[in-house]
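Grab your viewer and work through these exercises with the structure open. Each task comes with a solution that goes step by step.

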Amino acid sequence: MSSSTSHTSTIGAIGAPSRRNTELGLLVFAVVIPVFAYANVGLAINDEVPTGMLGYGIGLGLLAAVGHLVVRRFAPYADPLLLPLATLLNGLGLVLIWRLDQSERLQQRAEDLFGGFTPDAPNQLMYSAIGIALFVAVLLILKDHRILQRYTYISMAVALVLLILPVFFPAVNGAKIWVSIGPFTIQPGEFAKIIIAVFFSGYLMVKRDALALASRRFMGIYLPRGRDLGPIITVWAMSLLILIFETDLGTSLLFFGLFVVMLYVATERTSWIVFGLLMSGAGAVGVATFEPHVQQRVDAWLHPFSDTVMAQSDQIANSLMAFGSGGVLGTGLGQGNSDLIGFAANSDFILATVGEEFGLAGMMAFLLLYGLIVERGVRTALAARDPFGKLLAVGLSAAFAIQVFVVAGGVMGLIPLTGMTMPFVAYGGSSVIANWALIGILIRISDTARRPAPAPAPNPDAEMTQVVRP
Amino acid sequence: MNKPLRRIAIFCGLLVLALLIRDNWLQYVQADELRTHEKNRRVLIERYAQERGNIIVDGKPVTGSKRTTGSDFAYKRTYKDGPMWAPVTGFASQAYGATQIENLEDGILTGNDDRLFFRRTLDMITGKKQAGGDVVTTLNGSAQRAAFEGLGNKKGAVAALDPSTGKILALASTPSYDPSKIAGNSKNDEKAWTDLSKDPNKPNVNRALRETYPPGSTFKVVTAAAALEHDLYDGPDDKTDSPLPWTLPDTQTELKNEGDLPCKNATLREALRVSCNTVFGKVGADLGKDKMQETAEKFGFNQEQFVPVRANASVWPKDMNRPSTALSSIGQFETATTPLQMAMVTSAIANDGKLMQPYMIDELRAPNLDTIEKTSPKELSRPLSEPNAQKLQEMMETVVQDGTGTNAQIPGVTVGGKTGTAQHGVDNSEDPYAWFISYAKTDDGSPVAVAVVVEDSDADRGDISGGGLAAPIAKNVMKAVIDSKK
């Protein structure tokens, strides 16, 4: 293991090819595949190649081209897979949202409930453009990710504000995760995810020695000192508060999980994981006993087909039936009935459409695409030369992974459903924009990590010398 | 810091792996179960995606399909003479599922049945739309009409069988409902469905198959069959040596006849003709519950019948003391039967003791009219020997010639029958059930056996008797069958 993996960490980066042409090649696929999918939907639903296909293809191609050129110019050594993967998922997401826009059932539903139907795909295309713009901005402004280290405590303040803000706005569909400013509604949790990762990275980089070394050994594990427990308890309490006041299980789980992962990476102490699991378990059970919203979710997860659950919401049952009806090969794009889910069919439950129309084969491909993004993120963390970059990269990757797991696990009935969106694929401005920023930061870190080092500067980090061994 | 990083990488890998495993579980292992789940609307969408096959009576469909708009169902079921045929067809509703034949033969009607697989595949390749097959029933349109119109706005049911094959010729139940009105999923259908479910007269119950009534005196033919089969008496004209009044065994209670009847030491024939409770009560008591049970079960009691629509099991109580056995033998106490069961009893007697399995689906047809499956008549049991059956026929014919059943006489045709008036309710406070069972006999054997029950009536209480209310309906049904054979 050591010989092959150590190669991938830092040493391999020296003199590494930039791989920009690989990225370009992959991007071509990432644009062409969604364009074909788009044509496929049109042929299945209206028996003709959709008129918007050219515009859509050009739009997606343009976004990809801008992204690629900016990376080529400003982050030439960046990981070549991240941009094509995100583009492919974003493109397919647009196709899926456009496909659900064509659903008569959803159009009728919107007319019955809101008195009118507006297609979501054009909006999503606009959000994607804003997302790419933010991605470009990140690469242009953030010349080196270590600059973010300066804003550790400002990040904390901003993250807190973002997390607390939704409490003052009315709940939408049972969860207070929205902030509405004029005509826009924003899901600040999506942005807080990135900002809080910045804070954790900066904080843990400073405090990790204290947290790691000052501990007592008890029954084979290192127990942290009482005062070092402070931060973890604070974050724990905060995620519980989010759960209670914003009834947002997903965000709560995401932040606590993110913190435990980063704490573990920073300190290398397994005891933190044990603590983290115990505390989240206790917190979840504690809240579930008196919070009806959480109880409902658990009930719906355990008995999705029971009459009482179906009377409240048949979403999970419909989602499961969509997956089952897709079978191994799926019905084909535009030919399923995943729109039976109704509410949130193109956001939280968009994977059900993937499952029904692409089948098991396509769904596994989607999951592997997400897995690849996470893998590239963790690899970036391994390759990064500074602890802050390592922590930030692994934090962002872990947040991405946990979000994918929580959403996909929820709609597939593996875990209770939480209100979160599938990165890039699901409809929602905040989600797409924030995730493009996340990819931007990862690309920046990976560029720094893979850039040929001018000279091996003396590194205070003992760990770093370890990986130089062949 | 790289060791924990690798572990985190593995952890993230495990998260993805868990999702992949769950996905395989959902979309491969559980796929079929979820795809055909009763709450999965796709099942209905598929059911109504093309014109549904038809249910055929006398070579003509009694169902149809109509193109609909404004819904995800392309076609809607329609019915001709819906209320009349509802007990046969059941319904296929976009909103409320399907019942009876519509449900049991759904695969053929939608074209999804495995036996149509080859054709379906061929159609898919040649680009033809999937089509449903037809279900050809055994029913006789004019007999059904006679039964349905005979019941009119009275509450009741009719079941008629072809004794030699077991084919169901008529299956009527009133009050009925129009399945066309609940076939869609509009607001009107919803209202019709709510009204139907709330109706105290229960029009949605198929009384011919699913309602069990006390059979009253019609059960005496079963008791008579048991007496002959177990050699209690040799023939219809043996004196039965029964006293009048007759006290129920082990009690001080006298069993009463309906009026001042010549039942003292009457022959079986005479006792059946005037419907003596005392004689048949005593026969039942003398035979004992086990012998009675043996004969009753050979006729089909205590067992659900599948025609292929399920019919409730008729009841001959298994745990009884001697007085209860006597009461049960005259169709009281807990004895209860479906109209179909009494038609089976009659048909077994008319068919010289051979009980044929009743059925109402003659044939399943592919969309191109090829036969996929044809039902062949099957013997269910032999409740009584041929000579005994003929003795019993003589007795039942006497009932129609100059007994309680004269209303069922058809000129030029031999008719055997038995009336019944079953009291029920606390202290017999509710309207009695009027029963009539009968068969007709021509030179080629017996073409029809029928059982009629009329639940209640606004008519005079004294008027309610099998002979008065039920026998004319039975007569018309028999006549319709005989006429249609000419």
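**Exercise 1. In which loop of chain A is Asp47(A) found?** Then look up its backbone and its exposure.

Solution. Keep in mind that this is a predicted model.
- Step 1: Start with the location: Asp47(A) is in the loop between α2 (20-46) and α3 (53-74) of chain A.
- Step 2: Check the backbone. Asp47(A) is not a glycine, yet its phi is positive, about 60°.
- Step 3: Now the exposure. The cut-off for exposed is over 50% relative accessible area, so Asp47(A), at 67% relative accessibility, counts as exposed.

**Exercise 2. Describe chain A as a whole.**

Solution.
- Step 1: Go through the secondary structure: chain A has 18 helices and 4 strands.
- Step 2: Turn to burial. Chain A has 470 residues, and 56% of them count as buried.
- Step 3: Look at the surface: about 19,000 Å² of chain A is exposed, with 68% of that coming from carbon and sulfur atoms.
- Step 4: Finish with the contacts. Take those in chain A with a separation of 6 or more; 75% of them are between residues 24 or more positions apart.

**Exercise 3. Follow β9(B) from its hairpin to the cis bond at its end.**

Solution.
- Step 1: Find the partner. Strand β8 (residues 155-161) of chain B pairs with β9(B) in the antiparallel sense, over 6 bridges.
- Step 2: Trace the turn. β8(B) and β9(B) make a hairpin with 6 residues between them, and Gly166(B) in that turn has a positive phi of about 90°.
- Step 3: Pick out one facing pair: Thr174(B) in β9(B) has Gly156(B) opposite it.
- Step 4: Ask about burial. Buried means under 20% relative accessible area; 7 of the 7 residues of β9(B) are buried, so the strand is largely enclosed by the rest of the structure.
- Step 5: Move on from Thr174(B) to Pro175(B): the peptide bond here is cis, with omega near -10°. Pro175(B) belongs to the loop between β9 (168-174) and α9 (187-198) of chain B.

**Exercise 4. Which residue does a cis peptide bond join to Val307(B)?** Add a look at the phi of Lys202(B).

Solution.
- Step 1: The bond joins Val307(B) to Pro308(B), and omega is about 0°.
- Step 2: Place the proline: Pro308(B) lies in the loop between β12 (305-306) and β13 (310-311) of chain B.
- Step 3: Over to Lys202(B), which has a positive phi of about 45° although it is not a glycine. Lys202(B) sits in the loop between α9 and α10 (207-210) of chain B.
- Step 4: With a relative accessible area of 44%, Lys202(B) is partly exposed.

**Exercise 5. Is Ala98(B) buried or exposed?** List its contacts too.

Solution.
- Step 1: Ala98(B) is in strand β6 (residues 97-98) of chain B.
- Step 2: Its relative accessibility is 16%, so Ala98(B) counts as buried.
- Step 3: Leaving out residues up to four places away in sequence, Ala98(B) touches Arg47(B), Phe91(B), Ala92(B) and Asn103(B).
- Step 4: For a C-alpha to C-alpha check, take Leu44(B): it is 54 residues from Ala98(B) in sequence and 9.7 Å away in space.

**Exercise 6. Characterise the second largest pocket.**

Solution.
- Step 1: Its volume is about 1,300 Å³.
- Step 2: 34 residues line this pocket, and those closest to its centre are Glu46(B), Ala49(B), Gln50(B), Asn112(B) and Gln130(B).
- Step 3: The elements giving two or more residues to the lining are α3 (41-47), α6 (106-110) and α7 (117-126) of chain B.
- Step 4: By type, the lining has 8 nonpolar, 14 polar and 12 charged residues.

Technical notes
Residues are numbered from 1 along each chain as its sequence is written. Chains are lettered from A and ligands numbered from 1 in the order in which they are written. This is a predicted model: local features need pLDDT of at least 70, side-chain atom pairs count only at pLDDT 80 or more; totals for chains, interfaces and linings use all residues. Side-chain values use heavy atoms; hydrogens and water are left out. Buried means under 20% relative accessible area, exposed over 50%, partly exposed in between (1.4 Å probe, protein chains only). Contact means heavy atoms within 4.5 Å. Accessible areas come from the Shrake-Rupley method with a 1.4 Å probe; for residues, only the protein chains shown count as cover. On a 1 Å grid over the protein atoms alone, a cavity is a set of points where a 1.4 Å probe fits but cannot get out, and a pocket is an open set with protein on both sides within 12 Å along at least five of seven lines; lining residues have an atom within 4 Å of a point. Grid points are joined across faces, edges and corners, and a volume is the space filled by probe spheres set on the points. Ala, Val, Leu, Ile, Met, Phe, Trp, Tyr, Cys and Pro count as nonpolar, Asp, Glu, Lys and Arg as charged, and the others, Gly among them, as polar. Two strands pair if DSSP finds at least two bridges between them.
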